[in-house]
Amino acid sequence: MSGHTAREVDLSVDLGSLELSNPVMSASGTFGYGDEDPELTQVRALGALVTKTVTLNPRAGNPPPRLCETPAGLLNSIGLQNVGIQTFAREILPRLQDLGPPVIVSVGGSTADDYARCAEILDRVECAALELNISCPNVASGLEFSRSPAEAAKVVRGVRRRTKRPIFAKLSPNVTDIVAVGRACVEEGADGLVAVNTFLGMAVDVEREQPVLPRVVGGLSGPAIRPLALCRVWELARCLPCPVIGVGGIVTARDALEFLLAGARAVQIGTANFREPARGAKVVAGLRTLLDEKGVNRLRDFVGRLRLPPTEVS
Ligand SMILES: Cc1cc2nc3c(=O)[nH]c(=O)nc-3n(C[C@H](O)[C@H](O)[C@H](O)COP(=O)(O)O)c2cc1C
């Protein structure tokens, strides 16, 4: 055994009152409810588990095809298929508690009141935090509340009144000013922000002269969006005081370091799970090695350490 092992690096982070052993989480909707084969996913290694979005009532989701590969990316139009909050809380959530990592439940809704009612139900059961999906581009009722600061604020306000648990608002990148939306959420009591959900995109089948996805547009994810997501995370982290959780195109530990340097307190792995279900666990191991190589003992000292050129205008 070498005297200088990567295992010495302290990867723990805090997201307000929520302490995580490391900053790597699953991204909502890309890891099932979180209880896929634990051997395959190595879920125990993750800092936290984020479930797929659960809504007040069950949803069947959108008709197929729901996925379309694009250069370095994936277009999806799943449409929030889920069993509904009651069945989730009764039958699925208890199983997730045994997996090890803290469980963050992603909540969606068609109205602000839907979110509040879900929060009330979750307040009566065990879970670490709520992630409010106010940014799904794939549903007809328009769940992209985070396209407007006022609408986003309304959702967070309603949930804040019903729960003491940490609330993270997941933002849409499909806006002109993401900081304005983030600020509105924080002012209403969000403990942190998750940036970002998928970018609106579309693909056309040239032979059939039709859109590939039945709803025409879908959400773009994967490495194609990484620089775009990183930029949004940086903007939020430099302007707002709350923890920011970075998500978008992260595949490797090096990708994760980009987000952490830019100010993200934690990261989520999404599309990369489809190719390799244990990607998140590998990113955790890779972070230890890379930070150790850089001589960093505590991740907390590294977050936001981006060295800006002197010409950077603030
Ligand atoms: C197939 C698929 C399903 C998704 N479902 C959800 C969801 O239910 N709730 C949510 O908040 N985000 C959902 N997302 C968005 C991801 O959580 C993530 O924000 C986005 O994909 C960007 O990260 P990535 O490039 O690492 O995938 C989904 C993404 C994909 C690809």
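**The ligand site, the pockets and the backbone of a predicted model**

The shell of residues around the ligand is made up of 8 nonpolar, 14 polar and 1 charged residue. The structure is a predicted model, and every value below should be read with that in mind. In total 23 residues surround the ligand, and the closest of them are Ser28, Thr53, Gly222, Gly249 and Thr271.

Two members of that closest group also appear among the polar contacts of the ligand, beginning with threonine 53, whose side chain places an N or O atom 2.6 Å from a nitrogen atom of the ligand. Glycine 222 takes part through its backbone, where a polar atom lies 2.7 Å from an oxygen atom of the ligand. A backbone N or O atom of valine 196, in turn, is 3.0 Å from an oxygen atom of the ligand. Taken alone, the ligand would expose 600 Å², and the protein buries 96% of that area.

Where, among the pockets of the protein, does the ligand lie? The space that the ligand takes is the largest pocket, which has a volume of about 760 Å³. This pocket is lined by 43 residues, of which Ser28, Gly29, Thr30, Asn76 and Phe274 are the closest to its centre. Ser28 is thus named both among the residues closest to the ligand and among those closest to the centre of the largest pocket. The elements that contribute two or more residues to this lining are α1 (38-41), β6 (73-76) and α8 (272-275), with α8 giving the most, namely 3 residues. By class, the lining of the largest pocket holds 18 nonpolar, 21 polar and 4 charged residues.

The second largest pocket has a volume of about 300 Å³, and of the 14 residues that line it, Glu69, Pro223, Thr271, Ala272 and Arg275 are the closest to its centre. Thr271 is therefore a residue to follow from one site to the other, being listed among the closest to the ligand and among the closest to the centre of the second largest pocket. The elements with two or more residues in the lining of this second pocket are β5 (67-70), β6 and α8, and the largest share, 3 residues, again comes from α8. Sorted by class, the lining of the second largest pocket has 6 nonpolar, 4 polar and 4 charged residues.

The backbone itself deserves a separate look. Most residues other than glycine have a negative phi, and most peptide bonds are trans. Against that background, which residues does a cis peptide bond join next to the ligand contact of valine 196? The bond links alanine 195 and valine 196, with omega at about 15°, and valine 196 is found in the loop between β10 (192-195) and β11 (199-202). Valine 196 is also the residue whose backbone N or O atom lies 3.0 Å from a ligand oxygen. Another cis peptide bond runs from proline 64 to proline 65, with omega near -5°, and proline 65 has its place in the loop between β4 (49-50) and β5.

Positive phi values outside glycine are found at alanine 72, where phi is about 60°, and at leucine 80, where phi is near 60°. Alanine 72 belongs to the loop between β5 and β6, and both of these strands give two or more residues to the lining of the second largest pocket. Leucine 80 lies in the loop between β6 and α2 (85-97).

Notes:
Residues are numbered from 1 along each chain as its sequence is written. This is a predicted model: local features need pLDDT of at least 70, side-chain atom pairs count only at pLDDT 80 or more; totals for chains, interfaces and linings use all residues. Side-chain values use heavy atoms; hydrogens and water are left out. A residue is near a molecule or strand if one of its heavy atoms lies within 4 Å of it. A polar contact is a pair of N or O atoms within 3.5 Å; within protein, one must be able to donate a hydrogen and the other to accept it, and residues adjacent in sequence count only if both atoms are side-chain atoms. Accessible areas come from the Shrake-Rupley method with a 1.4 Å probe; for residues, only the protein chains shown count as cover. On a 1 Å grid over the protein atoms alone, a cavity is a set of points where a 1.4 Å probe fits but cannot get out, and a pocket is an open set with protein on both sides within 12 Å along at least five of seven lines; lining residues have an atom within 4 Å of a point. A molecule sits in a cavity or pocket if more than half of its atoms lie within 2 Å of its grid points. Ala, Val, Leu, Ile, Met, Phe, Trp, Tyr, Cys and Pro count as nonpolar, Asp, Glu, Lys and Arg as charged, and the others, Gly among them, as polar. Grid points are joined across faces, edges and corners, and a volume is the space filled by probe spheres set on the points. Helices (H or I, at least four residues) and strands (E, at least two) are DSSP runs, numbered from the N terminus.
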